[in-house]
Amino acid sequence: MGLPKALAFDVFGTVVDWHRSISQEVRAFVAEHLPHISPEKFALDWRMLYQPAMQRCRSAERPFVALDVLHHEMLLELLQQYGLSPQRFDASTLQSLSSAWRRLNPWPDVPLGLSRLRMHFPVVTLSNANVALMVAMNRFNGLQWDAILGAELAKAYKPEPAAYLTTAEVLGLAPHELCLVACHHSDLAAARACGLKTAYVDRALEYGGAPAPDASYQQAWDWQAVSLIDLADQFELTAAQAR
């Protein structure tokens, strides 16, 4: 297996620990208004609205809208599910809560692993996050990318083929020259169907230890790693052997 010419990263779950980060962000709100719900459950329930919200855009039920907008709408829907009327809260409170997705911390291996990978490859995002969200998140957590690409550029949410193919196209690459790095088997399966190389990074705690919902998509990926540092080791070994 030859090395790719660039790496494109899924972000939520693969690069950042959304479950722990969101749980911390909503802890005070949940304690005050939903004392019977744990912050961890709130985070999981919020995330469970993610795919249905994007599917309404994929199916053309509604036009493509930025993920920041969907996160806010998902928050309002979740509050209603819990029996809380969003009208109880002022707009600034709701906006601060929904923007929690802009304040996500990376997994411990990411800063070093990403910087090592970036020494050898262009590294870009191939995320469902919109550009403004990613810019804010990167300024919060200090991560650096060569470009912020993905759904908003393609006007298509993963796993729509356009999200993967547009990312390769704007990099001037054939699909097989780009490798998706992700912890989600379903994401990798869609990327592989578009001709991309695939690198799986295990994130067993993405859902707080609960089973990932896409295990049925698991395959033998081109690379499999336990961290971005492990993935960098594998790529560097392959490069050294090819010399």
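The paragraphs below lead through this predicted model, starting from its sheet and moving outward to its helices and loops.

The sheet is a good place to begin. Strands of a sheet pair through backbone hydrogen bonds, and the pairing can be either parallel or antiparallel. In this model, six strands form an open sheet in the order 3-2-1-4-5-6, and the pairing is parallel. Strand 3, residues 147-150, and strand 6 stand at the edges with a single partner strand each, so one side of each of them is left without a neighbour in the sheet. If direction is ignored, neighbouring strands of this sheet are turned by 25° against each other on average.

Within this sheet, strand 5 deserves a careful look. Five of the five residues of strand 5, which covers residues 197-201, are buried, and the strand is therefore largely enclosed by the rest of the structure. A residue counts as buried here when its relative accessible area is under 20%. Following the side chains along strand 5, one finds that Lys197, Ala199 and Val201 point one way while Thr198 and Tyr200 point the other way, and that all of them are buried.

Strand 5 has a partner on each side in the strand order 3-2-1-4-5-6. With strand 4, residues 178-182, strand 5 pairs in the parallel sense over four bridges. Two positions help to locate this pairing in the structure: Cys179 stands opposite Lys197 of strand 5, and Val181 stands opposite Ala199 of strand 5. To get from strand 4 to strand 5, the chain passes through helix 10, residues 185-193, and this β-α-β crossover is right-handed. With strand 6, residues 223-225, strand 5 again pairs in the parallel sense, here over three bridges, and Ala199 stands opposite Trp223 of strand 6.

Helices lie across the strands of this sheet as well. Helix 9, residues 161-170, lies across strand 1, strand 2, strand 3 and strand 4, and runs at about 155° to strand 2. Helix 11, residues 228-242, lies across strand 1, strand 4, strand 5 and strand 6, and runs at about 140° to strand 6.

Another pair of helices can be followed through their mutual contact. The axes of helix 4, residues 67-81, and helix 5, residues 91-98, come within 9 Å and cross at roughly 110°. Because angles of 65 to 115 degrees count as roughly perpendicular, helix 4 and helix 5 are described as roughly perpendicular to each other. Helix 4 passes helix 5 in a right-handed crossing. The contact is made by His71, His72, Leu75, Leu76 and Leu79 of helix 4, together with Leu94, Gln95, Leu97 and Ser98 of helix 5.

Finally, the loops hold some details of the backbone. Where does Pro159 lie in the chain? Pro159 lies in the loop between helix 8, residues 151-154, and helix 9, and a cis peptide bond with an omega of about 10° joins Lys158 to Pro159. Lys155 is also found in the loop between helix 8 and helix 9; its phi is near 55°, a positive value in a residue other than glycine, and at 54% relative accessibility Lys155 counts as exposed. Ala60, in the loop between helix 3 and helix 4, has a phi near 70°, likewise a positive value in a residue other than glycine. With a relative accessible area of 63%, Ala60 is exposed.

Note on methods. Residues numbered from 1 in each chain as written. Predicted model: local features only at pLDDT ≥ 70, side-chain atom pairs only at ≥ 80, totals over all residues. Heavy atoms only, no water. Buried < 20%, exposed > 50% of the residue type's maximum accessible area, 1.4 Å probe, protein only. Pairing = 2+ DSSP bridges. Right-handed = clockwise from strand over helix to strand, strands pointing away. Axes fitted to C-alpha atoms, helices over the stretch in contact; angles between N-to-C directions. Parallel < 35°, antiparallel > 145°, perpendicular 65-115°, else oblique. Left-handed = near helix turned anticlockwise from the far one by under 90°. Contact = heavy atoms within 4.5 Å.
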